[in-house]
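Here's a structure to explore at your own pace. Have a look around it, then read on.

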Amino acid sequence: MMETQKFISVILPLKLEWEPCYSLPEDTYEICVGQRVKVRFAFKEYIGVVSAVGITPEIAVERIQSIVSIEEGLEKILPEEIELWRKVAEYYLCTSGEVYKAAYPSGKVNLEEARAAAISRTMLRRERLLEGMREKIRRLEERLEKKEAMTARTREGTKARLMHTEGSEKLRKEINMAKEALAAAESSRETGTQTASYQGISESGIVLNNAQKEAYDRICEGFGNGKPVLLHGVTGSGKTEIYIKLAQKTIAEGRNVLYLVPEIALSRQLEERLNVHFGGKVITYHSGESAARRRAAAEDVRSHTDEGRSGYIVLGTRSSLFLPHHDLGLIVVDEEHDSSYKQDSPAPRYNGRDTALMLSTIHGSNIILGSATPSLEELYNCSIGKHTLVRLEERYHAGESAGVMIIDTKAERRKKGMEGNFSRKLISLIRETLSKGEQVMILRSRRAWAPVLQCDECGKIVRCPHCNVSLSYHKDEKGGFIACHYCGFRSSYSDSCTSCGGHLKNLGAGTQRIEEEASRLFPEAVVARLDSDATQNKTYESKIIRAFSKGEIDILVGTQMVTKGFDFSNLTLVAAIAADTLLGLQDFRADEKALQVLEQFRGRCGRRGRRGLFIIQTSQPDHPVYSRLSSGNIGMACTELMSERQEFGYPPYTRIVEVILKDTDEKRLTVMSSRLADELSGITDRMKDNPVEGPYMPVTDKIADQHIRAIRISLPKDRNLKKRKQKILNVVHKFEKDRRYDGHITINVDPV
Ligand code: ADP
Ligand code: ZN
C-alpha cells in the first residue's frame, strides 16, 4: 500500500464538527470512500464512514490511532449520500455525523451486523441440514443394497422373496423423495431473495384530460429548463395522476423515482393506487416501519445499484431521502406545504421539501412540488423565477369545490341552538347527508375527551407536573386517565381537585368527546375516529381508512389527519368544529397554516361531480381566514398573506434561524439566554435593523422538566446569508465552550 493512503478521515455518528483522522494497518490492501470502519473515539467504539483517503494529517502522526477494523459486512455508502449529508449539515447548521446517524440509525448498524452474523448462521444451519439430508440418502441406499442382495439370495416364488422385493420398492420410493427434497433445498439456496423488477412498465393506463395534458406539457417544459416545478392544482384536479404519468415515463427511461409524502397515514391509500400502475412493486419507506422492513427497503433500493437494474419507485416520508438513492430521474414532493415535512428533533432539523431540492441537484433529477395550497416559500420561488409555476384549476370530475358555510357558535349558543358541540344547523345538515347515503367527516384539532380540566371551587387547572401545559382527560374502560400530550405523563383520573377537593369539570371537547356526541346524535350512523390515539396501532389506522372508503363508516371524526390527501368518493359534507383553535397560535404562520388545513379539508369532499359542503363552526366568524376561504380565491389570499410577510420582514422575504435553550434550572436559563442573545446581536452589527429577537418564552415554556427560551434571528436573503448563518453557529459553539453550557442549545433553521 502506498504511504499516502495510510491516513483516512471518518464521519462518526456524533455531533462532531470535524472528521477525525485514523491510520490504516500496514496490511490493508485497499480502502475507499464510503466504506465503513470501526474506530475508537473518546474511549468508545463507533461505526464510521470513510470520508477521505490518503489525507495529510493535521496532528502529530504518533497521536493518530489506527482503525479497529474494516466492516466488510456493511454496505458501502454512496458518494451521493455523503454529498447530501454535507449539504444538509451545512444548511441546517448541524454536522454530517448527525445526518449520518439519522440516515443509518444505530439500530440499523447493529442490525446490519446482526444480519451478517445471522446470514452466516443461516448458511451454517443450511449446510448442516443439507449434509443431514445427504447422509439420510446414503443410509437409505445402503439399506437398499442389502435388501437387494437378500432378494438375490432368496429363492424365486417364495413369500420371503416377495416381501424383500416389496421392501426394496418402498426404499427406492423413499430415496427418490429424499433426493427431490435435497434438490429443492439446494436450489432455494441458489435463488436467494428476489428484488423488485419493473420490466415491461410503460406509460400506459392513464389518459390525461386536456387541462392535465396542458399542465403535463408545461411541467416537462419546466424540467427542460432545468428548473423545479410547482404544480398548484386545486384538490381533485388530478395532480396524482400527473405524478404517476411522470413517474412511469422516468422508469421507462430507466431512471428511478422518489415520491415523497408528508405523513405515513397518507401513503396508505396512495400505495394501493401506485401499486396498480407499478405492478405492485412500489417500495414504501417511513420511519414508523419496523427496522426489518426499513432495511429491506434500503436493500431493495441498493440492489438496483449493485446489479445495474433500472427503475425503482420509492414512496415514503422524509426519511426516505436518505436511502441509498442512485440515478434519480424524478422526485415528487406531494403536499409540499405540509409542515410535517419538517423534522423538529433531533438534528438534523431538516425540511423534507427543501432537502429534496438538494437531492435533486445532486442527482440532476427533475423535481415537482405539488399542492392545492402551496407554501408562501414556493410561491415566492416561482415569483422570482427560480421555480416554474404550473396551475391546474379544474377538478377532474367536473364540479365546483365545496361551498363554505360559517356558523357562529356564540350566536347559536345565545339562541339555544347548540346541542353540546353541534349546532342545530349542523345536525340537520348531517342528517340530510346521511339520509342520502352519503358520508360525513368532522375535524377537531384536539384529541382526548377534554383538553382541559378545571376545579369548580378554586378554579385551578390541572397541569402536567413536568410541563407547563394542561392535562387532557381521556376516557377508557377503566374510568379514564389524564395525560400530557407533550411529555407522555399519565395518571389515573379522579374528579376531585387535588388542592381543595372541589369537583373537576371538563372544559372543551376533543375528538373522543365529539365522537361520543356524534354517536348519540346520530344513533343510526356508524361513527369512527382517526387521531394519533386511535392510530397507535397501524393496522387499525389503515382499517379505518379502508372502511371509510368502502362506506362502512358514515361519520369519521378526527384531527388534522383527516384533512390530508385522502380521496373518498362518497364524502359530501365536511365540518370543522371549534375551528378557532387553529387560529389561536401566536405565530406569523398561523393564518397560512389555518388556511391550508381548512382548504385541504374542504378538498376532501364532493370529489365525484357532486357539490360538497364545508361547514365551519366558530366563535370568531369575522376572522379574515374564513372570509379568504369563503371567497374561494386561494391565489388572492396568498397574495395578501405575502404582502403582510414582506411588510413585517418575515419569510419568505427573510430566513429565520431559531436558537433554543433548555435548562432544568430556570434562573440559570434566564441568565444564559440573555447573554447569548447579546452575543448574537454582536455579529449582525452591520445590518440595518437588529435582527435578534428575544430571548422570549415560547407558548409552552416548559416541557419534560426543561424550561425553554427562544432567540429568533431574521436574516436577509442576500449573498451574505451563508456567512451569517455560519457566524451564528460559531458564536453558539464558542458560547457553549466558554460557558460550559454544552447540551442546552439547539439551532433550528427555517422553523415552521
Ligand atoms: P389531486 O391529487 O389533485 O387531489 P387526484 O389525482 O386524486 O387529484 O384526482 C381526483 C380524482 O380524479 C381521482 O379519483 C382520480 O382517480 C381521478 N382522475 C384524475 N385524473 C384522472 C385521469 N386522467 N383519468 C382517470 N381518472 C382521473
Ligand atoms: Zn408533560
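Which helices each supply at least two residues of the lining of the second largest cavity? They are helix H1 (79-91) and helix H9 (352-363). Helices here are DSSP runs of H or I with at least four residues, strands are E runs of at least two, and both are numbered from the N terminus.

Some ground rules come next. This is a predicted model, where local features need pLDDT of at least 70, side-chain atom pairs count only at pLDDT 80 or more, and totals for chains, interfaces and linings use all residues. Residues are numbered from 1 along each chain as its sequence is written, chains are lettered from A and ligands numbered from 1 in the order in which they are written, and side-chain values use heavy atoms, with hydrogens and water left out.

**The cavities**

Back to those holes. A cavity is a set of points, on a 1 Å grid over the protein atoms alone, where a 1.4 Å probe fits but cannot get out, and its lining residues have an atom within 4 Å of a point. Grid points are joined across faces, edges and corners, and a volume is the space filled by probe spheres set on the points. The structure has two cavities of 30 Å³ or more.

Here they are side by side, with residues sorted by class. Ala, Val, Leu, Ile, Met, Phe, Trp, Tyr, Cys and Pro count as nonpolar, Asp, Glu, Lys and Arg as charged, and the others, Gly among them, as polar.

| Cavity | Volume | Lining by class |
|---|---|---|
| Largest cavity | about 60 Å³ | six nonpolar, two polar, one charged |
| Second largest cavity | about 50 Å³ | seven nonpolar, two polar, two charged |

The lining of the largest cavity is made up of Thr373, Pro374, Leu376, Glu592, Leu595, Gln596, Ile634, Cys638 and Leu641. Two elements give two or more residues to that lining: helix H15 (590-603) and helix H17 (634-648).

Around the second largest cavity you'll find, among others, Glu80, Trp85, Phe322, His325 and His363. The biggest contributor to this lining is H1, with four residues.

**The zinc site**

Now look for the zinc ion (ligand 2). Which atoms coordinate the zinc ion? Cys464 (SG), Cys467 (SG), Cys484 (SG) and Cys487 (SG) do the job, at 2.2 to 2.3 Å. To count as a donor, an N, O or S atom has to be within 2.8 Å of the metal (3.2 Å for Na, K and Ca), and sites may look incomplete since water is not among the atoms.

Along the chain, the donors of the zinc ion (ligand 2) are spaced as C-x2-C-x16-C-x2-C. The pair Cys464 and Cys484 links distant parts of the chain, 20 residues apart: Cys464 is in the loop between strand S17 (452-455) and strand S18 (472-474), while Cys484 is in the loop between strand S19 (481-483) and strand S20 (490-492).

Why is the arrangement around the zinc ion (ligand 2) tetrahedral? Because the four donor atoms subtend angles of 106 to 112 degrees, and four donors count as tetrahedral if all angles lie between 85 and 135 degrees. For comparison, the ideal angle for four tetrahedral donors is 109.5 degrees.

How much of these cysteines can a probe reach? Cys464 counts as buried because its relative accessibility is 5%, Cys467 is buried at 2%, and Cys484 is buried at 4%. Buried means under 20% relative accessible area, exposed over 50%, and partly exposed in between (1.4 Å probe, protein chains only).

As for disulfides (pairs of cysteine sulfur atoms within 2.5 Å), the structure holds zero.

**Backbone oddities**

Most residues other than glycine have a negative phi, and most peptide bonds are trans. A few spots here go the other way.

Asp327, in the loop between strand S9 (313-316) and strand S10 (328-333), is not a glycine but has a positive phi of about 50 degrees. Ala578 has a positive phi near 50 degrees too, and lies in the loop between strand S24 (571-576) and H15. Asp327 is partly exposed at 38%, and Ala578 is partly exposed at 34%.

A cis peptide bond joins Ala347 and Pro348, with omega about 0 degrees. Pro348 sits in the loop between S10 and H9. The bond from Gly694 to Pro695 is also cis, with omega near 10 degrees, and Pro695 is in strand S27 (residues 692-696).

Definitions and conventions: Tetrahedral: all angles 85-135°; square planar, octahedral: opposite > 155°, others 65-115°. 1 Å grid on protein atoms, 1.4 Å probe; cavity = no way out; pocket = protein on both sides within 12 Å on 5 of 7 lines; lining within 4 Å.
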